[in-house]
Amino acid sequence: MFWDEMGRRLEKVLEGSGARQKEIIIWGYYCEIGEFLYDYLKKRGGYQVSIIDKNDTNEGIQKAEFLKTKDPAGVIIFLCMKDTEEPEMLCKEIGALKDQHYFDVREVLFDDNKGQSLNFLIWMEDKYGCDFLVNKRNESFECAEYTPSPYMTIKEIVSSLPLKSDDAIFDYGMGKGAALVQFYEYGFRNLGGVERDRELCTIAKDNFDRLKISDIEICFADAREITEIDRYNYFYFYNPFSGSVFQKVIDNIKDSYMRNHRKIRIIYINTVCHDMILDSGIFQIEKQIETKHWYPMVNIYMT
């Protein structure tokens, strides 16, 4: 739903270029914008997409040689890196014309080309005036600095778990609401979260208001105080806290399970309190999900 404007801009380029009959090449896949664009075009649009990554290879073929095999009339090339000088030169060598055969994605998607990266949260800030990306340090020893949950991590989680639209997800340490908005974008409506920092909680509420989201349960409280969680069956932890705070929260989840036996999953990123979850006696590791984020592994625990 929040992709509508981006979709319109991309489709304007794609339809004007006859993209359904052509091969789309994303140059710079492992830039945030490239991976994001691939996900949108391949998964949402069903286009034929190839990749030239920043390591200069496409299935072992050097990028220049790969392009030389292409007829400009049969491809659309999206340049996703910040420095496009070399890629543009190579595109021109095969006779490709800018804004006809190849495009700078930032120029397509942003009103003013800021030379910035692109992901879900950057798009939300630019188009809706939200505030997700600025980090905030926490002075508490047991509570981590606020950083937003990355789009590609949420994508990997959603695609790897048997999530259904009626599942209920609770975010411990929701910060500015980034993870909840991303779960909302994927179609989940039974959402809630807790945040003890008043400023972050206020920003989360403002973000939800800007996006006209009114059905997320927001708790301004210490996570240890949240005990009315029996309706939730997924609990999301993006490195929010550790120590005694984490232990008390796990105890609360266990108490909820004992009151209301159900299949519960914990989604845990940066698993410093792994042993506390297992020591609860009700959880076991179901799977580990690899991500391309700086926390490369997500643990999934299940009752």
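Axes here are lines fitted to C-alpha atoms, for helices over the stretch in contact, and angles run from 0 to 180 degrees between N-to-C directions. Contact means heavy atoms within 4.5 Å. Helices (H or I, at least four residues) and strands (E, at least two) are DSSP runs, numbered from the N terminus. On those terms, helix α10 (residues 243-259) lies across β7, β10 and β11 and runs at about 170 degrees to β10.

This is a predicted model: local features need pLDDT of at least 70, side-chain atom pairs count only at pLDDT 80 or more, and totals for chains, interfaces and linings use all residues. Residues are numbered from 1 along each chain as its sequence is written, and side-chain values use heavy atoms, with hydrogens and water left out.

**The sheet**

Two strands pair if DSSP finds at least two bridges between them. An open sheet of 7 strands follows the order β9-β8-β7-β10-β11-β13-β12, with mixed pairing. β9 (216-220) and β12 (284-290) stand at the edges; each has a single partner strand, so one side of each lacks a neighbour in the sheet. From one strand to the next, the twist averages 20 degrees. Strand β7 (residues 168-172) pairs with β10 in the parallel sense, over 4 bridges. Asp171 has Tyr236 as its bridge partner in β10. Helix α7 (residues 151-160) also packs on the sheet, touching β10, β11 (265-269), β12 and β13 (297-302). The direction of α7 makes about 130 degrees with that of β12.

**Tyr234 and buried residues**

Tyr234 lies in strand β10 (residues 234-238). Buried means under 20% relative accessible area, exposed over 50%, partly exposed in between (1.4 Å probe, protein chains only). Three buried residues are listed here.

| Residue | Relative accessible area |
|---|---|
| Tyr234 | 1% |
| Cys91 | 0% |
| Cys273 | 5% |

Not counting residues up to four places away in sequence, Tyr234 touches Leu161, Pro162, Leu163, Asp167, Ala168, Ile169, Phe170, Arg265 and Ile267. Tyr234 and Asp171 are 63 residues apart in sequence, yet 8.6 Å apart in space, C-alpha to C-alpha.

**Cores and cysteines**

A nonpolar core is a set of buried Ala, Val, Leu, Ile, Met, Phe, Trp, Tyr and Cys residues joined through side-chain atoms within 4.5 Å. The largest has 64 residues; among those with the most contacts inside it are Leu10, Phe78 and Tyr236. A second, separate core of 27 residues includes Phe170, Val194, Cys219 and Phe283.

With a disulfide taken as a pair of cysteine sulfur atoms within 2.5 Å, the count comes to 0.
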